[in-house]
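Student: Can we go through this one together? I'd like to start with the pockets.

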Amino acid sequence: MTIASVDNAVRGEGLLADFSLEMTAKDIDALRHAAPVIPQGTHVNVTFLGNEDFAMRRKAAAAVKAAGFDPVAHISARRIASERELDDFMAALREDSTHESVFLIAGDPSEAQGPFDSAIDLITSGMAEHYGVKRIGIGGYPEGHPQIDEETLWSALEQKAAAISSLDVQGEIITQFGFDVDAVLDWIVQVRQRGIDLPIRVGVAGPAGVKRLISYSRRFGVGTSAGIAKKYGFSITNLLGTAGPDRFISELITEYDQTLHGRMGVHFYTFGGMRATAEWVDDFRKDTGQ
């Protein structure tokens, strides 16, 4: 390792100091099981799945809060049937004191089920100001999106970042998970070149079975060529066993340059389970002296 890369590694040690996790509304028991190995105050995102209703998400966010972590409720614009539905959900979160952080996305449906078509519609709706939201997260796609062209993705990101900057809130970008560090860091450099200075949490798949990782990567349009898979640490022709993000995180820390990439952190998609992911982070930090 060169002197320059050693210096970057030292500066990159903070990437895991404030990692975040993701769960579904059905993962409350998994959260409780994992709680002893998750640092207090960790941001835990509660995803917005089509087969989980607002009551389930509310309960999950409250469980995150009760466990000593910071809940981040996902809101899918196209799945919200009415302004009243959004108001009811935000009012419920505020009642539970789980309203301060939200993650806003357009969502999977090709057409809106109500008045909101995109995350920008939610950001500019007045929701944040009315309900006292203090932090808004938005999505980023270093390897593109299977249904959205690159020009549209960049335009949307610039609009969302500008809209967040006009509010009295903190903002951040959470990227889709990927297996190619070079692609992620190249994308982040482009983000900065476009004048977007929001903190970026790099999406990383926690340790999971290889078959499951490949399944999720195909579902979300993440590239899994043989070369990239081998670089990450698994084979797309061998579905046995599990794979963790050891190589990915190590390379990310080594290549991170704050002058190029700005403020960065890591967000874990817990495909293999919340406790398994939290234990992996704890072991990795101990093994690497972080």
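Tutor: Sure. Keep in mind that this is a predicted model. The second largest pocket has a volume of about 340 Å³.

Student: Which residues are closest to the centre of that second largest pocket?

Tutor: Gly-171, Glu-172, Pro-199, Ile-200 and Arg-263 are. They belong to a lining of 19 residues.

Student: Which elements give two or more residues to the lining?

Tutor: They are α7 (150–165), β6 (170–175), β7 (200–205) and β10 (264–269). The largest share comes from β6, with three residues.

Student: What's the mix of classes in that lining?

Tutor: Seven residues are nonpolar, six are polar and six are charged.

Student: OK, cavities now. How many are there of 30 Å³ or more?

Tutor: The count comes to one. The largest cavity has a volume of about 50 Å³. Its lining has 10 residues, and the closest to the centre are Pro-142, Glu-143, Gln-176, Phe-177 and Val-222.

Student: And the classes in the lining of the largest cavity?

Tutor: Five nonpolar, four polar and one charged.

Student: Back to α7. What span should its 16 residues have?

Tutor: At 1.5 Å a residue, α7 should span 22 Å. Its end C-alpha atoms are 23 Å apart, so the two values agree.

Student: Which residues of α7 are buried?

Tutor: Leu-153, Trp-154, Leu-157, Lys-160, Ala-161, Ala-163 and Ile-164.

Student: What covers them?

Tutor: The cover includes α5, β5 (135–140), β6 and α8.

Student: Can we look at α5 from the other side? What is Ile-120 in contact with, leaving aside its neighbours within four places in sequence?

Tutor: Ile-120 is found in helix α5, residues 119–123. Leaving aside those neighbours, Ile-120 is in contact with Gln-159, Lys-160 and Ala-163. Two names there should ring a bell: Lys-160 and Ala-163 are among the buried residues of α7.

Student: How far is Ile-120 from Asp-18?

Tutor: Their C-alpha atoms are separated by 27 Å. Along the chain, Ile-120 and Asp-18 are 102 residues apart.

Student: Let's try another helix. What about the span of α3?

Tutor: Helix α3 covers residues 54–66, which is 13 residues. It should span 18 Å at 1.5 Å a residue, and its end C-alpha atoms are 18 Å apart, so that agrees.

Student: Which α3 residues are buried?

Tutor: Phe-54, Arg-57, Ala-60, Ala-61, Ala-63 and Val-64. Their cover includes β1 (20–23), α2 (28–34), β2 (43–46), β3 (70–76) and α4 (83–95).

Student: Why do residues three or four places apart point the same way in an α-helix?

Tutor: Because an α-helix has 3.6 residues a turn.

Student: New topic. What's the phi of Ser-97?

Tutor: It is near 60°, a positive value in a residue other than glycine. Most residues other than glycine have a negative phi.

Student: Where is Ser-97?

Tutor: Ser-97 sits in the loop between α4 and β4 (101–105). Its relative accessible area is 40%, so Ser-97 counts as partly exposed.

Student: Last one. How many residues are in the largest nonpolar core?

Tutor: That core has 90 residues. Those with the most contacts inside it are Ile-75, Ile-136, Ile-249 and Phe-268. Helix α8 (residues 181–193) gives the most to the core, with six residues.

Student: What does Ile-249 touch, beyond neighbours within four places in sequence?

Tutor: Ile-249 is in contact with Leu-16, Val-204, Val-266, Phe-268, Trp-280 and Phe-284. In soluble globular proteins, nonpolar side chains tend to be buried together.

Key
Residues numbered from 1 in each chain as written. Predicted model: local features only at pLDDT ≥ 70, side-chain atom pairs only at ≥ 80, totals over all residues. Heavy atoms only, no water. Core = buried A, V, L, I, M, F, W, Y, C linked by side-chain atoms within 4.5 Å. Buried < 20%, exposed > 50% of the residue type's maximum accessible area, 1.4 Å probe, protein only. Helix = DSSP H or I, 4+ residues; strand = E, 2+ residues; numbered from the N terminus. Contact = heavy atoms within 4.5 Å. 1 Å grid on protein atoms, 1.4 Å probe; cavity = no way out; pocket = protein on both sides within 12 Å on 5 of 7 lines; lining within 4 Å. Points joined across faces, edges and corners; volume = space filled by probe spheres on them. Nonpolar A, V, L, I, M, F, W, Y, C, P; charged D, E, K, R; others polar. Expected span 1.5 Å × (residues − 1).
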